[in-house]
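Work through the exercises below with the sequence and the model side by side. Try each task before you read its solution.

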Amino acid sequence: MRWIKHASSFCRGAAMSEVRETFGPAGYGAVWLLLERIAESWSGSALESEPELCLSLKEWTKTCELSGKKLQELTKNPGRMMEKIRWA
C-alpha cells in the first residue's frame, strides 16, 4: 500500500485522544509509525483481506522508538485500532 486514507479529524477521535492524553505527541507519532509499517507491508485490497503484520517486539520497538513496556501499554490503550499488531 502506498498511502493511508484517513479522516482529517483522526487526531481528535476517541482512541487517538486517549493516546495523546496518556502518551503525548510521542504516542501519537508512534501510532502513525506503526500504522505506516503495517500498511507498507500490505499488498492486498480491502476486499481481499485486512492488513496484518507480525514482527518481534524488538522490531516493533525499533519501528516506533519506544521501550517494549511503553509499546505494550500503547497497544492496549486504543482498543480496536491497534488490534492488528501481533507479537512474534
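**Exercise 1: The two faces of helix 2**

Helix 2 has the buried residues W60, T61, T63 and C64. Here, buried means under 20% relative accessible area, exposed over 50%, and partly exposed in between (1.4 Å probe, protein chains only). The model is predicted: local features need pLDDT of at least 70, side-chain atom pairs count only at pLDDT 80 or more, and totals for chains, interfaces and linings use all residues. Residues are numbered from 1 along each chain as its sequence is written, and side-chain values use heavy atoms, with hydrogens and water left out.

*Task.* Find where the buried residues of helix 2 sit around its axis, and name the exposed residues on the face turned away from them.

*Solution.*
1. Locate the helix. Helix 2 covers residues 57-64. Helices (H or I, at least four residues) and strands (E, at least two) are DSSP runs, numbered from the N terminus.
2. Look down the axis. The buried residues cover an arc of only 155°, so they are on the same side of helix 2. The arc is that of the directions from the helix axis to the C-beta atoms.
3. Turn to the face away from the buried side. It carries the exposed residues K58 and K62.
4. Recall the geometry. An α-helix has 3.6 residues a turn, so residues three or four places apart point the same way.

**Exercise 2: One buried threonine**

*Task.* State how buried T61 is, and list what T61 touches beyond four places in sequence.

*Solution.*
1. Read the accessibility. T61 has a relative accessible area of 15%, so it is buried.
2. List the contacts (heavy atoms within 4.5 Å). Leaving out residues up to four places away in sequence, T61 touches L66, S67, G68 and L71.
3. Follow one partner. L71 is among the buried residues of helix 3 (residues 68-76), along with L74 and T75.
4. Check their placement. The buried residues of helix 3 fall within an arc of 90° seen down the axis, so they line one face.
5. Check the face turned away. Exposed K69 and K76 are on it.

**Exercise 3: The salt bridges**

*Task.* How many salt bridges are there, and which residues do they join into one network?

*Solution.*
1. Apply the rule. A salt bridge is a side-chain nitrogen of Lys or Arg within 4 Å of a carboxyl oxygen of Asp or Glu. The count comes to two.
2. Take one pair. R37 and E59 meet at 3.3 Å, N to O. R37 lies in helix 1 and E59 in helix 2, so the pair ties together parts that are 22 residues apart in sequence.
3. Take the other pair. E59 also bridges to K62, with the closest N and O atoms 3.6 Å apart. E59 and K62 are three residues apart in helix 2, so about one helical turn separates them.
4. Join them. The bridges share partners, and R37, E59 and K62 form one network.
5. Add the accessibility. R37 is partly exposed at 23%. E59 is partly exposed at 23%. K62 is exposed at 55%.

**Exercise 4: The nonpolar core**

*Task.* Which residues of the largest nonpolar core touch the most other members, and which element gives the most to this core?

*Solution.*
1. Define the core. A nonpolar core is a set of buried Ala, Val, Leu, Ile, Met, Phe, Trp, Tyr and Cys residues joined through side-chain atoms within 4.5 Å.
2. Pick out the members. The largest core has 17 residues, and V19, V31, L34, W60, C64, L71 and L74 touch the most other members.
3. Trace the elements. Helix 1 (14-41), strand 1 (53-55), helix 2 and helix 3 each give two or more residues. Helix 1 gives the most, with nine.
4. Check one cysteine. C64 is buried, at 5% relative accessibility.

**Exercise 5: An unusual phi**

*Task.* Where is E65, and is E65 buried or exposed?

*Solution.*
1. Place the residue. E65 is in the loop between helix 2 and helix 3.
2. Read the accessibility. E65 is exposed, at 68%.
3. Read the backbone angle. E65 has a positive phi of about 55°, although it is not a glycine.
4. Compare with the general rule. Most residues other than glycine have a negative phi.
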